[in-house]
Amino acid sequence: MIQIKSEAEVALMREAGLVVGRTLEALRAAAVPGVTTKQLDELAESSIREAGAIPSFKGYQPHPAVPPFPGSICASVNDEIVHGIPGPRRLRDGDVISIDCGAILDGWHGDAATTVAVGDVADEVRDLMRVCEESMWRGFAAARLGGRVSDIGHAVESYVRSQGPYGIVEEYGGHGIGTEMHQEPHVLNYGRPGRGPKLQKGLVLAVEPMLTLGTRFTRELDDHWTVSTTDGRVAAHFEHTFTLTDEGPWVLTALDGGRSRLGALGVTTSAG
């Protein structure tokens, strides 16, 4: 079922979102050559717990056939798209790492992700990251009260297609979020506009495009978590949690509420 939140509950989700946003800021600065993904995971867990929150990924188990997730972040490197398990892997100059982070504060979830260039990376990889992140913001900009969920995915896809022949991952996407990390509705990163549930106040969604330099097709590794590209090409993943107000989108996991990026697109925001 779709969970509609009160203004007070959305305010609580903003606090959870700020925990995630601040943690990702620390992780972006720490993702340098020589650091291990396990060290990044330890930094994330400390940041989340010091804020009085709980890492929402750690121990997460979607069904009994899958082992509980062992980390506080998903750390996906290069051709890994999402759900990478933190471990001894040491980052090298030229790598990219997608970091997905979630936190629970007072029973409410925040969820966001970013892709970080480690040292000097190829121009085509920087372009991939830019297009992926911008497509997410175009999705927020397309969201209007009274619109439909598919308006977001249509805007994501339209922008990506205008920028080049990137692979848009279809098996994974965004989702509703609230007292559980994953709720209805599913938020695709492609499709026709004007479809799906109505966008209304109190609906909180995580939007997360995942793009590749090659094919959109994916494979799950033997750890039952890590998802990578089938052709070995690099992937990027960005995510923020947002809601809609009378003043416009409010990006709950962005430290400025989305004001700067949405403002650059001519979109007003409550940005509380």
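# A tour from Glu-170 to the strand 4 hairpin

Start by selecting Glu-170, which counts as partly exposed at 29% relative accessibility. The model on your screen is a predicted one, and every value along this tour was computed from it. Keep Glu-170 selected and add Arg-216, since the side chains of these two residues meet in a salt bridge with an N to O distance of 3.5 Å. The pair ties together distant parts of the chain, 46 residues apart: Arg-216 lies in the loop between strand 10 (210-212) and strand 11 (218-220), whereas Glu-170 lies in the loop between strand 6 (167-168) and strand 7. Arg-216 is likewise partly exposed, with a relative accessible area of 25%. Now select Glu-133, Glu-134, Arg-138 and Arg-261, which are joined into one network by salt bridges that share partners. Across the model, the count of salt bridges comes to 12.

**Helix 3**

Select residues 123-142, which make up helix 3. Its 20 residues, at 1.5 Å a residue, should span 28 Å, and the C-alpha atoms at its ends are indeed 28 Å apart, so the expected and modelled lengths agree. Colour the helix by accessibility next, and look for its buried residues, among them Val-125, Leu-128, Met-129, Cys-132, Trp-137 and Phe-140. Glu-134, a member of the salt-bridge network, is also buried in this helix.

**The five-stranded sheet**

Which strands should you show to see the open sheet? Display strands 8, 7, 9, 14 and 15, which are arranged in the order 8-7-9-14-15 with antiparallel pairing. Strand 8 (183-187) and strand 15 (248-251) are the edge strands; each has a single partner, so one side of each is left without a neighbour in the sheet. From one strand to the next, the twist averages 30 degrees. Bring in helix 1 (residues 7-30), which packs on this sheet and touches strand 9 (204-207), strand 14 (240-245) and strand 15, its direction making about 45 degrees with that of strand 15. Then zoom in on strand 7 (residues 174-176), which runs antiparallel to strand 8 and is joined to it by three bridges; as an example, Gly-174 has Val-187 as its bridge partner in strand 8.

**Helix 2 and the loop after it**

Move to helix 2 (residues 37-50) and select Asp-41. This residue is buried yet has no salt bridge, the nearest side chain of opposite charge being that of Lys-38, 4.0 Å away. Setting aside residues up to four places away in sequence, Asp-41 touches Gly-71, Ser-72, Ile-73 and Pro-86.

Select Glu-45 and Lys-58 next, whose side chains meet in a salt bridge at 2.8 Å, N to O. Although this pair is 13 residues apart, it links distant parts of the chain, with Glu-45 in helix 2 and Lys-58 in the loop between strand 1 (54-55) and strand 2 (73-77). Glu-45 is buried at 17% relative accessible area, whereas Lys-58 is partly exposed at 37%.

Ala-51 sits in the loop between helix 2 and strand 1, and its relative accessibility of 40% makes it partly exposed. Outside its neighbours within four places in sequence, Ala-51 is in contact with Val-19 and Leu-105. How far apart in space are Ala-51 and Ala-103? Their C-alpha atoms are 9.8 Å apart, while 52 residues separate them in sequence.

**Strand 4 and its partners**

Finish on strand 4 (residues 96-105), which is mostly covered, with nine of its 10 residues buried. Add its partners one at a time. Strand 1 pairs with strand 4 in the antiparallel sense over two bridges, and here Ile-54 stands opposite Ile-104. Strand 2 also runs antiparallel to strand 4, joined by five bridges, with Val-77 having Ile-97 as its bridge partner. Strand 5 (residues 108-117) pairs with strand 4 over 10 bridges, again antiparallel, and Asp-100 stands opposite Ala-113 there. Follow the backbone from strand 4 into strand 5 to see the hairpin, which has two residues between its strands and places Asp-106 in the turn with a positive phi of about 55 degrees.

One last salt bridge to select is that of Arg-89 and Glu-80, whose closest N and O atoms are 3.4 Å apart. Arg-89 is partly exposed, with a relative accessible area of 35%, whereas Glu-80 counts as buried at 14%.

Technical notes:
Residues are numbered from 1 along each chain as its sequence is written. This is a predicted model: local features need pLDDT of at least 70, side-chain atom pairs count only at pLDDT 80 or more; totals for chains, interfaces and linings use all residues. Side-chain values use heavy atoms; hydrogens and water are left out. Two strands pair if DSSP finds at least two bridges between them. Helices (H or I, at least four residues) and strands (E, at least two) are DSSP runs, numbered from the N terminus. Axes are lines fitted to C-alpha atoms, for helices over the stretch in contact, and angles run from 0 to 180 degrees between N-to-C directions. Contact means heavy atoms within 4.5 Å. Buried means under 20% relative accessible area, exposed over 50%, partly exposed in between (1.4 Å probe, protein chains only). Lys and Arg count as positive and Asp and Glu as negative; His and the chain ends are not counted. The expected span of a helix is 1.5 Å times one less than its number of residues.
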